[in-house]
Amino acid sequence: MYKICHTEESSRRQRELEQGLLEVMQRVPYDKITLTELCRQLNIPRKTFYRYFPTKDDCLLALIDHTLSDCNDLALKGWTESRELDQTVQLRFFRFWRERISILDAIRDNGLRYLLLDRTTVMIDRMKENSDSVGFARDQVEYFIAHGLMTTVLRWHHFGFPGTPEELAEVFGTLLGSSDVSLDRLLL
């Protein structure tokens, strides 16, 4: 598991290494990247890499987790205290992913769609640890919606982003607006 950074400087450095991995993945297939080559491309000693990540896989997991966390933070920014669903939240979600084409390309090109969906589940599980359980059936609906949103993003990217974020937000706003599901556990 990757290191959880506690200072702004170490967090910044960890994110730089994650972005470096993403840049290398744009040129070299993930399964062909060795730690030696990655450190050479990033112009860092292995010791520096190991300060943040035990393996390149952990670096990839951190990249995905931090991207999901950034999405959650941005989508929910300014969300009303009433926690009412509003199309602005969905719009921020789809715009966020439209702007992250490089990570979506890397995920697609390296056959890692499953990993994004798996990390979505991990993020929901972590959020559930800090909240009251609302029941098994409702939990399953939340997983279903979260994975539906992520699968939609992956397919939207795969087909070259047909339709606008506004159009997708309107459709999902309508679908989610008829639901009694807690959005703060869906967007990650």
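**Close-up views of a predicted helical model**

**View 1. The largest nonpolar core and the residues that hold the most contacts within it.** In this predicted model, the largest nonpolar core has 52 residues, and the members that touch the most others are Leu60, Phe93, Phe94 and Trp97. Helix H4, which spans residues 56-75, supplies the largest share of this core, with nine residues. Leaving aside residues up to four places away in sequence, Trp97 is in contact with Thr67, Leu68 and Cys71, with Ile103, Leu104 and Leu116, and also with Met150, Val153 and Phe161.

**View 2. The crossing of H4 and H5.** The axis of H4 and that of helix H5, which covers residues 87-98, come within 8 Å of each other and cross at roughly 145°, and the crossing is right-handed. On the H4 side the contact is made by Thr67, Leu68, Asp70, Cys71, Leu74 and Ala75, which meet Val89, Arg92, Phe93, Phe96 and Trp97 of H5. Sorted by character, the residues of this contact comprise eight nonpolar, one polar and two charged.

**View 3. The surroundings of Leu116.** Leu116 belongs to helix H7, which runs over residues 113-129, and with a relative accessibility of 1% this leucine counts as buried. Apart from residues up to four places away in sequence, the contacts of Leu116 are Ile64, Leu68, Trp97, Ile107, Met150 and Leu154. Leu104, which is 12 residues from Leu116 in sequence, has its C-alpha 9.4 Å from the C-alpha of Leu116; Leu104 and Leu116 are both among the residues that Trp97 touches.

**View 4. The buried and exposed faces of H2.** Helix H2, made of residues 35-42, has Leu35, Leu38, Cys39 and Leu42 as its buried residues. Looking down the axis of H2, these buried residues fall within an arc of 95°, and they therefore line one face of the helix. In general, an α-helix has 3.6 residues a turn, so residues three or four places apart point the same way. The buried residues of H2 pack against helix H1 (8-25), helix H3 (46-52) and H4, whereas the face turned away from the buried side carries Thr36 and Arg40, which are exposed.

**View 5. Two loop residues with positive phi.** Most residues other than glycine have a negative phi. Asn43, which follows H2 and lies in the loop between H2 and H3, has instead a positive phi, near 60°. The relative accessibility of Asn43 is 69%, so this residue counts as exposed. Phe161, located in the loop between helix H8 (136-158) and helix H9 (165-177), also has a positive phi, near 60°. With a relative accessibility of 10%, however, Phe161 counts as buried, and Phe161 is one of the residues in contact with Trp97.

**View 6. Tyr50 and a residue distant from it along the chain.** Tyr50 is part of helix H3, and its relative accessible area of 40% makes it partly exposed, a class that lies between buried, under 20%, and exposed, over 50%. Although Tyr50 and Lys3 are 47 residues apart along the chain, their C-alpha atoms are separated by 9.5 Å.

Technical notes
Residues numbered from 1 in each chain as written. Predicted model: local features only at pLDDT ≥ 70, side-chain atom pairs only at ≥ 80, totals over all residues. Heavy atoms only, no water. Core = buried A, V, L, I, M, F, W, Y, C linked by side-chain atoms within 4.5 Å. Buried < 20%, exposed > 50% of the residue type's maximum accessible area, 1.4 Å probe, protein only. Helix = DSSP H or I, 4+ residues; strand = E, 2+ residues; numbered from the N terminus. Contact = heavy atoms within 4.5 Å. Axes fitted to C-alpha atoms, helices over the stretch in contact; angles between N-to-C directions. Left-handed = near helix turned anticlockwise from the far one by under 90°. Nonpolar A, V, L, I, M, F, W, Y, C, P; charged D, E, K, R; others polar. Arc of directions from axis to C-beta.
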